[in-house]
Amino acid sequence: MSTYIFVCPDCKQEIEVNASMREAILSSGCPVCIESVRATHFEMA
Ligand SMILES: [Zn+2]
């Protein structure tokens, strides 16, 4: 399964996520601060 590193543009939190968590964050925002995020805020791990 693909793994990504999410780095929040607002709170700077780094979170390792899988593909389904990535989709959830893209639709719901950062799980820490609720800031909306884009696909560019994820890197392949
Ligand atoms: Zn955040």
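Leaving aside its neighbours within four places in sequence, which residues is Ile25 in contact with? The answer is a good way into this predicted model. Ile25 touches Phe6, Val17, Cys30, Pro31, Val37 and Phe42. Ile25 itself sits in helix 1. Its relative accessible area is 7%, so it counts as buried, the cut-off being under 20%. To place these contacts, start with the whole chain.

The chain has one helix and three strands. Read from the N terminus, the order of elements is β-β-α-β. Strand 1 covers residues 3–7 and strand 2 covers 14–18. Helix 1 then spans 19–28, and strand 3 spans 42–44. The C-alpha atoms fill a box of roughly 25 × 15 × 15 Å along the principal axes. The chain has 45 residues, and 24% of them count as buried. The accessible surface comes to about 3000 Å². Carbon and sulfur atoms own 48% of that surface. Now look at contacts in the chain with a separation of 6 or more: 36% of them are made by residues 24 or more positions apart.

Next, the sheet. The three strands form an open sheet, in the order 2-1-3, with antiparallel pairing. Strand 2 and strand 3 stand at the edges. Each has a single partner strand, so one side of each is left without a neighbour in the sheet. From one strand to the next, the twist averages 30°. Helix 1 packs on this sheet and touches strand 1, strand 2 and strand 3. The direction of helix 1 makes about 120° with that of strand 2.

Look closer at strand 1 and strand 2. They run antiparallel, and five bridges join them. Within this pairing, Ile5 stands opposite Glu16, and Phe6 stands opposite Ile15. Which side chains of strand 2 are buried, and which are not? The side chains alternate along the strand. Ile15 and Val17 point to one face and are buried. Glu14, Glu16 and Asn18 point to the other face and are not buried.

Val17 leads back to the helix. It is one of the contacts of Ile25, and it is also one of the contacts of Arg22. Arg22 lies in helix 1. Is Arg22 buried or exposed? Its relative accessibility is 17%, so it counts as buried, with the cut-off at under 20%. Beyond its neighbours within four places in sequence, Arg22 is in contact with Tyr4, Val17, Ala39 and Phe42. Phe42 is also on the contact list of Ile25. Ala39 offers a distance to check: its C-alpha atom is 9.5 Å from that of Ile25. Those two residues are 14 residues apart along the chain.

Now turn to the metal site. Which residues are the protein donors of the zinc ion? They are Cys8, Cys11, Cys30 and Cys33, each through its SG atom. The donors lie 2.2 to 2.3 Å from the zinc ion. Why is the arrangement tetrahedral? The four donor atoms subtend angles of 104 to 117° around the ion, and four donors count as tetrahedral if all angles lie between 85 and 135 degrees. Along the chain, the donors follow the spacing C-x2-C-x18-C-x2-C. Cys11 and Cys30 link distant parts of the chain, 19 residues apart. Cys11 is in the loop between strand 1 and strand 2, while Cys30 is in the loop between helix 1 and strand 3. Their surroundings can be compared by accessibility. Cys11 has 30% relative accessibility, so it counts as partly exposed. Cys30 has 1%, so it counts as buried. Cys30 is also one of the residues that Ile25 touches.

The same two loops hold one more detail each. Most residues other than glycine have a negative phi. Lys12 takes a positive phi near 70° in the hairpin of strand 1 and strand 2, which has six residues between the strands. Lys12 counts as exposed because its relative accessibility is 58%. Ile34 lies in the loop between helix 1 and strand 3. Ile34 is not a glycine either, yet its phi is positive, about 75°. At 59% relative accessibility, Ile34 counts as exposed.

Technical notes. Residues numbered from 1 in each chain as written. Predicted model: local features only at pLDDT ≥ 70, side-chain atom pairs only at ≥ 80, totals over all residues. Heavy atoms only, no water. Donors = N, O, S within 2.8 Å, 3.2 Å for Na, K, Ca; no water. Tetrahedral: all angles 85-135°; square planar, octahedral: opposite > 155°, others 65-115°. Helix = DSSP H or I, 4+ residues; strand = E, 2+ residues; numbered from the N terminus. Buried < 20%, exposed > 50% of the residue type's maximum accessible area, 1.4 Å probe, protein only. Pairing = 2+ DSSP bridges. Axes fitted to C-alpha atoms, helices over the stretch in contact; angles between N-to-C directions. Contact = heavy atoms within 4.5 Å. Areas by Shrake-Rupley, 256 points an atom, 1.4 Å probe, with all protein chains shown as cover.
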